[in-house]
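Got a few minutes to poke around a fold? Here's the model, and then some questions about it.

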Amino acid sequence: MNGNKEGTYFGLSTPLGRSATATIRISGYKSKGVLNKITAGKLKNPKHKNTSVFDIYNKNNDLIDNVLITFFEAPNSYTGEDLVEIHTHGNPVIIDMVYDTLFELGLRLAEPGEFTRTAYLNDKIDLIQAESILSLINSNTKEGVGLSLNNVSGSLSKKIKKMRSNIISTLGFVEYELDISETDNQRETITQAHKNIKNLLLETSELISTAKYARIKTIGAQIVIYGKPNAGKSTLFNSLLNYDRSIVTDIKGTTRDTIEEISTVGNHSVVFIDTAGIRTTEDPIEKLGVKRTQEKVSTADLSIHMVTSVPKKSKLKPKNNITVLNKIDLLEKSELNKVKNNKNLVCVSAKNKMGIRLLLKRINKELDLKTQNKTTNQITSPRQEQSLKNAQNELQRALECKEDNLEIIAHHLTGAIKAFDILMGRTSPDDVLEGVFSNFCVGK
Ligand SMILES: Nc1nc2c(ncn2[C@@H]2O[C@H](COP(=O)(O)OP(=O)(O)O)[C@@H](O)[C@H]2O)c(=O)[nH]1
Ligand SMILES: [Mg+2]
């Protein structure tokens, strides 16, 4: 991305292909002139938010298409610049002709994300909102769309702003104390600062904890299948997907890489991950595979531990984990009855597709529980999570400061403000000063 690009640019806002209509957006100061030219003078002075039907022409005055044109006047548009939307018939040949005409009029093609970047640079939206627009478009579930839309509207930004101004006012009275240092007040100041910081830490960690839910809701839950070689992981993976994606053999070490496929379970979007069986091996490729498996298990939203014999109770990991006993088709009836009553297990025959529906039901239930988070504001990007973790780290260090270290508290509070500024995509040290003066009345 390049923040210094100039000129008027355009791009196709809808997917390329055949459809009833397609939308080409134009943003920049030349927009009005372009409308005048392509409509052969019919649309000279477009009005803000006006939509009308026009014939549009190329430079030789050949008709290109009959289109719908909407005009948005700066600064009241998505980008903050003059903005045009041309809705043509959805045929790539027509799109090509419009492109050629716009090039001839001196316009350039937009860079990826440039409309939203311009909106951010023109202060129409902050960085969180910009990211939320992306997650709104990419969300795979209804809930993901809902929470992204909530963030686009600025609800999360508002919360972050409030937290940031709480840090600024805390820094304000810590610095005030530093300036007019009366040791009598120092204890009081520290107590108040600690109280504020503790509250902020609570809010920060609450937001950080939403990252996982948000990922499940927008992109989909990562569900990793792991276990010993030949447990039937790849067979289960294929059964869950309902087609033969992974190679299945009776040779140990067949799967050496992780294989991921998107699917749905109930209302949830999921990514099933087949992995290399966990064992000690000398094969360097398989070794890497085993390492990858371990990484995936540690970051997954849910893991399926595949076994072929009932594990000891101590080996069962109930958190984020479903233990699946496979190959029940090989069990005697009496043995089968015994394991079927074991509530800690889901019994399947991956090969014969027995028990798969029950397993899917169980996965659905686990994901329902995980996404039941009622927090209004949820973060949706790893960048947001990382910035918040940086802020959390600074706040934690400010809290751990000893009494006579007001300067160090101030230093870490400043660090936390910086992390919040990065989170929102702004840096304005002047705000700190303003916060100091707006919160204090020296005359008192
Ligand atoms: N009898 C029986 N064999 C199975 C079952 N599931 C998998 N297998 C067999 O076990 C072997 C290993 O399966 P695979 O899915 O490659 O195991 P992975 O190494 O864990 O991925 C293959 O020969 C499969 O056909 C099952 O439910 N019953
Ligand atoms: Mg396998």
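Quick term first: a nonpolar core is a set of buried Ala, Val, Leu, Ile, Met, Phe, Trp, Tyr and Cys residues joined through C-beta atoms within 7 Å, where buried takes 20 or more other C-beta atoms within 10 Å of a residue's own, C-beta atoms being placed from the backbone. This is a predicted model, with local features needing pLDDT of at least 70, side-chain atom pairs counting only at pLDDT 80 or more, and totals for chains, interfaces and linings using all residues. Residues are numbered from 1 along each chain as its sequence is written, and chains are lettered from A and ligands numbered from 1 in the order in which they are written.

Q: Which helix gives the most to the largest nonpolar core?
A: That core has 56 residues, with Leu-413 and Phe-420 among those with the most contacts inside it. Helices here are DSSP runs (H or I, at least four residues), numbered from the N terminus. The top contributor, with eight residues, is helix 13 (residues 406-424).

Q: Where does this core lie relative to domain 2 and domain 3?
A: Domain bounds come from an automatic or database domain assignment. Domain 2 (130-210 + 378-425) and domain 3 (219-370) both give residues to the core, so it lies between them.

Q: Which residue of strand 5 stands opposite Ile-26?
A: Strands are DSSP E runs of at least two residues, and two of them pair if DSSP finds at least two bridges between them. Strand 2 runs antiparallel to strand 5 (residues 83-90), joined by eight bridges. Opposite Ile-26 in strand 5 stands Val-84.

Key: Buried ≥ 20, exposed ≤ 12 C-beta atoms within 10 Å, placed from the backbone.
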